[in-house]
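Biologist: I should like a close look at a single helix of this chain, with its surroundings described residue by residue. Please give one connected account that I can follow alongside the coordinates.

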Amino acid sequence: MSEVLQQFEGSGAFWAVVAHVALIAASALLVLSGTAKLAAPRQLIAALTELGAPAWVGLPAVRILGAGEIMLGSILVIPLPATLVGLSSLAFGIGLASLGAVGQLRHASRPCGCFGSLLQK
């Protein structure tokens, strides 16, 4: 059991279950999003290009991002130090939230493709 979940063990079974469910849901969301990027990276490439991303952002960079999301989703449910999981999640979340904010401020018209064709803007 990860250190993150162990923090909730002493506060009752209900909160331990809530913590487990939240981590599994977050993990599944990251794995789904990363898999969509690996399967159909062109949507994210087009969205990043619209935001003015540099020329080096292309297929390899998007595939690395997708693989990173899958890896982060995986480490949420395996026993690792809570600090490592927390800092990794925080850094990744800040990066993605920043991109989303830039897209909103610039009124971007292309969807990021984070969930494949499930979501369209």
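Modeller: What follows is an account of helix α4, beginning with the chain around it and ending with the neighbouring helices.

The model is a predicted one. The chain contains five helices and zero strands, and read from the N terminus its elements run α-α-α-α-α. Of its 121 residues, 30% are buried. Among contacts with a separation of 6 or more, 65% join residues 24 or more positions apart.

Helix α4 covers residues 59–75, a run of 17 residues. From its first C-alpha to its last it reaches 24 Å, close to the 24 Å expected at 1.5 Å a residue. Its buried residues are V62, G66, G68, E69, L72, G73 and I75. An α-helix has 3.6 residues a turn, so residues three or four places apart point the same way. The buried residues of α4 pack against three helices, namely α2 (13–39), α3 (42–50) and α5 (82–105).

Two of these buried positions can be examined in detail, beginning with the charged one. E69 is situated in helix α4. Its relative accessibility is 3%, and E69 therefore counts as buried, the cut-off being under 20%. Neighbours within four places in sequence aside, the contacts of E69 are L30, V31, S33, G34, K37, F92 and L96.

L72 also belongs to helix α4. With a relative accessibility of 7%, L72 counts as buried because this value falls under the 20% cut-off. When residues up to four places away in sequence are not counted, L72 touches L30, S88, S89 and F92. The C-alpha atoms of L72 and V85 are 8.0 Å apart, and the two residues are separated by 13 places in sequence.

L72 and V85 both belong to the largest nonpolar core, whose seven residues are L23, L30, L72, I75, L76, V85 and F92. At least two residues of this core come from each of α2, α4 and α5. A second core, separate from that one, has five residues, including L44, L48, V57 and V62. In soluble globular proteins, nonpolar side chains tend to be buried together.

The neighbouring helices may now be taken in turn. Two packed helices are described by the angle between their axes and the distance between the axes.

For α2 and α4, the angle is about 160 degrees and the axes are 7 Å apart. The two helices are therefore roughly antiparallel, since angles over 145 degrees count as such. The crossing of α2 with α4 is left-handed. On the α2 side, the residues that meet α4 are S27, L30, V31, S33, G34, T35, K37 and L38. Their counterparts in α4 are V62, R63, L65, G66, A67, E69, I70, L72, G73 and S74. E69 and L72 thus reappear here, both listed on the α4 side of the pairing with α2.

α3 packs on α4 at an angle of about 115 degrees, with the axes 10 Å apart. This makes α3 roughly perpendicular to α4, because the range for that class is 65 to 115 degrees. The crossing of these two helices is right-handed. R42, L44, I45 and L48 of α3 make the contact with L59, V62 and L65 of α4.

Within that contact, L48 deserves a separate word. L48 is placed in helix α3, and at 14% relative accessibility it counts as buried. Its contacts, neighbours within four places in sequence aside, are A53, V57, V62 and L99. L48 and L99 are 51 residues apart along the chain, with 8.7 Å between their C-alpha atoms.

The remaining neighbour is α5. This helix has 24 residues, which should span 34 Å at 1.5 Å a residue, and its end C-alpha atoms are indeed 34 Å apart. Buried in α5 are A82, V85, F92 and G103. F92 is in contact with E69, and L72 also touches F92. Just after α5, H107 adopts a positive phi of about 55 degrees.

In summary, the buried residues of α4 pack against α2, α3 and α5. α4 is roughly antiparallel to α2 and roughly perpendicular to α3. L72 takes part in the largest nonpolar core, whereas V62 is included in the second, separate one.

Terms used:
Residues numbered from 1 in each chain as written. Predicted model: local features only at pLDDT ≥ 70, side-chain atom pairs only at ≥ 80, totals over all residues. Heavy atoms only, no water. Helix = DSSP H or I, 4+ residues; strand = E, 2+ residues; numbered from the N terminus. Expected span 1.5 Å × (residues − 1). Buried < 20%, exposed > 50% of the residue type's maximum accessible area, 1.4 Å probe, protein only. Contact = heavy atoms within 4.5 Å. Core = buried A, V, L, I, M, F, W, Y, C linked by side-chain atoms within 4.5 Å. Axes fitted to C-alpha atoms, helices over the stretch in contact; angles between N-to-C directions. Parallel < 35°, antiparallel > 145°, perpendicular 65-115°, else oblique. Left-handed = near helix turned anticlockwise from the far one by under 90°.
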